[in-house]
Amino acid sequence: MSAFPILYSFRRCPYAMRARLALAAAGVVVELREVQLRQKPAALLAISPKATVPVLLTETGEVVDESLDIMFWALRRSDPEGWLAGTDSARALIARNDGEFKHWLDRYKYADRYPEHSQTDYRRHGEAFLTALDDRLRGSAYLRGDRFGLADAAIAPFVRQFAAVDNAWFEAAAYPALRRWLSEFLASTRFAGIMHGYSAWQPDAAPVWFGGLI
């Protein structure tokens with residue numbers, strides 16, 4: 001077994017982003033293996049046949065292949081920022097993101113694949129969640145109070161993706177608190193620290209190390 005956990009990741013995947021955010025916040029060092037989604041490495045397929053990123057292979061050989069589970073795995077090792085406090089309410093918000101909102105995000109982003117309705121219709125459905133987030137953020141700096149936490153890390157990568165579909169629309173939309181929150185996240189050293197570009201991993205490549213407090 002490796003002396004360090006191994007994380008199979010893809011830089012732009014929002015699920016992989018949330019996993020990297022938690023690993024960085026926990027200060028857990030991992031060997032990062034950047035994956036080309038069109039040419040997934042045999043080492044990844046061998047441990048996780050579904051081969052969706054992120055996938056974590058721990059030092060003991062345990063395979064953790066759900067992003068939220070990776071977040072909790074890291075934070076149970078170390079949680080210096082207190083992300084695990086109030087986990088139940090954070091989980092409820094994340095569940096809405098991962099279910100309802102992700103459903104409409106996919107259709108909004110790839111509207112040509114879902115011709116049953118217009119892109120505007122899909123966006124309008126997704127806005128129900130944006131409205132709920134904006135309402136929360138009108139009363140606090142972050143989704144669950146005055147500190148960046150689990151819900152922010154788990155949800156921000158998906159809001160980023162939604163906003164990027166039509167940035168001009170998002171900048172003009174009636175979500176000032178949400179825009180402020182997202183802009184601060186995208187400008188943060190926390191976000192910059194997880195978004196370094198890496199070449200696709202090869203079995204004979206030197207290890208790439210990721211982790212540490214951001």
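**Notebook: sheet, helices and selected residues**

I began with helix H1 (residues 14-26), which lies across strand S1 (6-9), strand S2 (30-34) and S5, running at about 150° to S1. I note here that the model is predicted.

**Entry 1. The sheet**

I traced the strand order next. The sheet is open, has 5 strands and reads S4-S3-S1-S2-S5, with mixed pairing. At its edges I found strand S4 (63-64) and strand S5 (209-210), each of which pairs on one side only.

I then looked up individual pairings. S1 and S2 run parallel and are joined by 4 bridges. Within this pairing, Leu-7 has Leu-32 of S2 as its bridge partner. Strand S3 (residues 55-57) and S4, in contrast, run antiparallel, with 2 bridges between them. There I recorded Val-64 in S4 as the bridge partner of Leu-56.

**Entry 2. Cover on the sheet**

Which strands does helix H3 lie across? I found that helix H3 (residues 67-77) lies across S1, S3 and S4, and that it runs at about 40° to S3. S1 is thus listed under H1 and also under H3.

I checked the faces of S1 residue by residue. Both are covered: Ile-6 and Tyr-8 are buried on one side, and Leu-7 and Ser-9 are buried on the other. Leu-7, already noted for its bridge to Leu-32, is therefore buried as well as paired.

**Entry 3. Pro-5**

I moved to the segment before S1, where Pro-5 is found. Is Pro-5 buried or exposed? Its relative accessibility is 1%, so I entered Pro-5 as buried.

I listed the contacts of Pro-5, leaving aside neighbours within four places in sequence. Among them are Val-29, Val-30 and Glu-31, then Leu-56, Leu-57, Thr-58 and Glu-59, and also Trp-73 and Arg-77. Of these, Leu-56 is the residue I had recorded as the partner of Val-64. I also looked up one separation along the chain: Pro-5 and Ala-192 are 187 residues apart, and their C-alpha atoms are separated by 22 Å.

**Entry 4. A nonpolar patch**

Val-29, a contact of Pro-5, sits in the loop between H1 and S2. With 33% relative accessibility, Val-29 counts as partly exposed. I found that Val-29 makes a nonpolar surface patch of about 270 Å² together with Phe-4 and Trp-209. Trp-209 falls in the range of strand S5 (209-210), an edge strand.

**Entry 5. The loop between H2 and S3**

I next examined two backbone features. Most residues other than glycine have a negative phi, and most peptide bonds are trans.

Ala-51 is placed in the loop between H2 and S3. Its phi is near 55°, a positive value in a residue other than glycine. I noted Ala-51 as buried, because its relative accessibility is 3%. In the loop between helix H2 (42-47) and S3 I also located Pro-54. The peptide bond joining Val-53 and Pro-54 is cis, with omega about 5°.

**Entry 6. Salt bridges**

How many salt bridges does the structure hold? I recorded 11 salt bridges. Side chains of opposite charge can pair when their charged atoms come close. I followed up three pairs.

In one pair, the side chains of Asp-98 and Arg-18 meet at 2.7 Å, N to O. This pair links distant parts of the chain, with Asp-98 in helix H4 (residues 87-109) and Arg-18 in helix H1, 80 residues apart. Asp-98 is partly exposed at 28% relative accessible area, whereas Arg-18 is buried at 1%. I note that Arg-18 belongs to H1, the helix that lies across S1, S2 and S5.

In another pair, Asp-121 and Arg-124 meet in a salt bridge at 2.6 Å, N to O. Why are these two residues separated by about one helical turn? Asp-121 and Arg-124 are 3 residues apart in helix H5 (residues 119-137), which means a separation of about one helical turn. I entered Asp-121 as partly exposed, with 22% relative accessible area. Arg-124 is also partly exposed, with 49%; this value lies under the limit for exposed, which is over 50%.

The remaining entry is Arg-138, which forms a salt bridge with Asp-134, their closest N and O atoms being 2.7 Å apart. Arg-138 counts as exposed at 55% relative accessibility, while Asp-134 is buried at 1% relative accessible area.

How values were computed:
Residues are numbered from 1 along each chain as its sequence is written. This is a predicted model: local features need pLDDT of at least 70, side-chain atom pairs count only at pLDDT 80 or more; totals for chains, interfaces and linings use all residues. Side-chain values use heavy atoms; hydrogens and water are left out. Two strands pair if DSSP finds at least two bridges between them. Contact means heavy atoms within 4.5 Å. Axes are lines fitted to C-alpha atoms, for helices over the stretch in contact, and angles run from 0 to 180 degrees between N-to-C directions. Buried means under 20% relative accessible area, exposed over 50%, partly exposed in between (1.4 Å probe, protein chains only). A salt bridge is a side-chain nitrogen of Lys or Arg within 4 Å of a carboxyl oxygen of Asp or Glu. Patches are made of residues with over 30% relative accessible area and no salt bridge: like charges are joined within 9 Å, nonpolar side chains (Val, Leu, Ile, Met, Phe, Trp, Tyr) within 5 Å. Accessible areas come from the Shrake-Rupley method with a 1.4 Å probe; for residues, only the protein chains shown count as cover.
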